[in-house]
Amino acid sequence: MPTSPCKAIMKTIFTIFSLLVFSIISAVNSCPPSDRAALLAFKAALHEPYLGIFNSWTGTDCCRNWYGVSCDQETYRVADINLRGESEDPIFERAHRTGFMTGFISPEICKLARLSSITIADWKGITGEIPKCITGLPFLRILDLIGNRISGEIPADIGSLERLTVLNVADNQLTGRIPVSLTNLSNLMHLDLRNNKISGPIPSRAGDLSMLSRALLSGNQISGSIPVSLCKIYRLADLDLSVNKISGLIPPCFGKMAVLATLNLDCNMLMGSIPASLLTSAIGNLNLSRNALGGNIPDVFGPTSYFTVIDLSHNKFKGLVPRSLSAASYIGHLDLSYNHLCGRIPAGAPFDHLEASSFMYNDCLCGKPLRAC
């Protein structure tokens with residue numbers, strides 16, 4: 001039976017209406033064209049020749065199956081860029097290699113106004129500077145650019161990123177000073193500036209970083225003294241200032257910090273004596289080697305002294321090896337070499353499991369594991 005003209009028209013209208021509704025829903029549930037354009041401009045500034053990680057960046061919906069891109073499930077705005085050059089992702093396993101990428105981070109990334117995290121890490125060949133406009137991304141919580149060849153300075157107004165919890169720019173070629181505004185990052189929990197060419201002092205108000213648990217600043221050219229304000233950071237568990245040009249004294253208040261477990265101050269120009277409080281504190285990994293520390297090693301070890309590592313080598317300590325070391329709860333690795341210590345090495349634990357290298361190159365130490373007295 002032939003279809004009436006009215007039914008045919010209605011069917012056509014329904015089909016057009018359905019397609020229109022589907023198109024509207026698809027458009028609403030996909031990333032906006034402005035975000036897609038910003039991502040493609042970001043991609044255009046980079047060259048990744050081996051893995052093809054950008055091969056999936058096709059089509060109109062950048063929220064669907066674009067490698068390393070995630071979107072907010074309500075707004076469909078781009079929220080995360082997660083591109084790691086060292087990963088267990090199958091794309092790396094198939095290629096049997098880590099990633100390598102050249103180019104630079106385009107300022108076009110700043111047009112992704114809803115970004116919560118930016119991870120462009122371990123690509124080894126990315127150069128250029130950190131785009132200054134990144135400090136205008138109000139929702140940014142994670143900025144991880146470790147393992148590239150990024151130069152220039154940390155943006156001066158980095159402190160405007162009020163929600164930032166992770167700042168990791170380690171293993172790059174950054175210069176200049178630590179911006180004073182960085183101390184405004186009241187939500188920052190992880191700070192990693194290791195292995196750059198950063199100079200100048202640690203900002204005196206570093207103690208304002210009240211949420212900080214890890215501060216890793218080793219391998220730079222940081223100078224000046226250690227700010228006492230760091231002792232105000234109750235949550236600070238890991239402080240690494242090694243391999244810099246830091247001078248002055250070790251703040252005694254480090255020994256009163258409740259959760260500080262690792263303190264690495266080696267390879268600096270620190271002077272004075274060891275605060276006795278460090279040796280009976282919560283610190284379990286203490287490295288003060290290769291400084292200009294002197295005087296006697298405080299003979300205050302006791303049941304609260306628990307050290308996986310305690311390295312005091314390459315300093316100017318004199319006097320005796322503290323007998324109270326035998327009262328410590330645990331001493332794993334002890335290094336007192338290259339000092340001016342003298343006298344008999346105490347017997348018993350922990351000395352009976354230590355090697356001669358722990359005591360070598362002092363003025364006149366004797367007894368096991370060195371020569372007899």
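Buried means under 20% relative accessible area, exposed means over 50%, and partly exposed sits in between. Keep that handy for the exercises below, and remember that this is a predicted model.

**Exercise 1. An aromatic pair**

Work out how the rings of Phe-92 and Trp-123 are arranged, and which parts of the chain they join.

Step 1: Start with the geometry. The ring centres of Phe-92 and Trp-123 are 6.3 Å apart, and the planes make an angle of 40°.

Step 2: Classify the pair. Ring centres have to lie within 6.5 Å to pair, and planes under 30 degrees apart would be stacked while those over 60 would be edge-to-face. Phe-92 and Trp-123 therefore make a tilted pair.

Step 3: Place the residues. Phe-92 is in helix α3 (residues 90-95) and Trp-123 is in the loop between β5 and β6 (124-127), so the contact ties together parts 31 residues apart in sequence.

Step 4: Check the surroundings. Phe-92 and Trp-123 are both buried.

**Exercise 2. A second pair, and a patch**

Decide whether the pair Tyr-338 and Tyr-361 is stacked or edge-to-face, then say which surface feature these residues help make.

Step 1: The ring centres of Tyr-338 and Tyr-361 lie 4.6 Å apart with the planes at 20°, so this pair is stacked.

Step 2: Tyr-338 sits in the loop between β21 and β22, and Tyr-361 in the loop between β22 and β23 (364-366), 23 residues apart. For orientation, β21 covers 330-335 and β22 covers 340-344.

Step 3: Now the accessibility. Tyr-338 has a relative accessible area of 37% and is partly exposed, while Tyr-361, at 52%, is exposed.

Step 4: Together with Met-360, Tyr-338 and Tyr-361 form a nonpolar surface patch of about 310 Å².

To wrap up the rings: the count comes to seven aromatic pairs, and ring pairs also link Phe-42, Phe-54, Trp-57 and Trp-66 into a cluster.

**Exercise 3. A strand with neighbours**

Find the pairing partners of strand β5 and say how well its faces are covered.

Step 1: Take β3 (residues 78-84). This strand pairs with β5 in the parallel sense over five bridges, and Leu-83 has Ile-120 of β5 as its bridge partner.

Step 2: Turn to β7 (residues 142-144). Three bridges join β7 to β5, and the two run parallel. Here Ser-117 stands opposite Ile-142.

Step 3: Look at the faces of β5. Ser-117, Thr-119 and Ala-121 are buried on one side, and Ile-118 and Ile-120 are buried on the other.

Step 4: Draw the conclusion. Five of the five residues of β5 (residues 117-121) are buried, so the strand is largely enclosed by the rest of the structure.

**Exercise 4. An open sheet**

Lay out the open sheet of four strands and identify its edges.

Step 1: The strand order is β10-β12-β14-β16, with parallel pairing.

Step 2: The edges are β10 (199-200) and β16 (269-270), each pairing on one side only.

Step 3: Zoom in on one pairing. β14 (residues 245-248) and β16 run parallel and share two bridges, with Met-269 of β16 as the bridge partner of Ser-247.

**Exercise 5. Charges that meet**

Trace the salt-bridge network around Asp-208 and give the accessibility of its members.

Step 1: Recall the principle. Side chains of opposite charge can pair when their charged atoms come close.

Step 2: Asp-208 meets Arg-205 in a salt bridge at 2.8 Å, N to O. Asp-208 is partly exposed at 27%, and Arg-205 is partly exposed at 46%.

Step 3: Asp-208 also meets Lys-232, at 3.6 Å, N to O. Lys-232 is in the loop between β12 (221-224) and β13 (238-240), and Asp-208 is in the loop between β10 and β11 (214-216), so this bridge ties together parts 24 residues apart in sequence. With 56% relative accessibility, Lys-232 is exposed.

Step 4: Put the pieces together: Arg-205, Asp-208 and Lys-232 are linked in a network of salt bridges.

Step 5: For contrast, try Arg-194 and Asp-192, whose closest N and O atoms are 2.6 Å apart in another salt bridge. Arg-194 is partly exposed at 27%, whereas Asp-192 is buried at 2%. The whole structure holds 10 salt bridges.

Conventions: Residues numbered from 1 in each chain as written. Predicted model: local features only at pLDDT ≥ 70, side-chain atom pairs only at ≥ 80, totals over all residues. Heavy atoms only, no water. Pairing = 2+ DSSP bridges. Patch = residues over 30% accessible without salt bridge, like charges linked within 9 Å, V, L, I, M, F, W, Y side chains within 5 Å. Areas by Shrake-Rupley, 256 points an atom, 1.4 Å probe, with all protein chains shown as cover. Salt bridge = Lys/Arg side-chain N within 4 Å of Asp/Glu carboxyl O. Buried < 20%, exposed > 50% of the residue type's maximum accessible area, 1.4 Å probe, protein only. Phe/Tyr/Trp six-rings, centres within 6.5 Å; stacked < 30°, edge-to-face > 60°.
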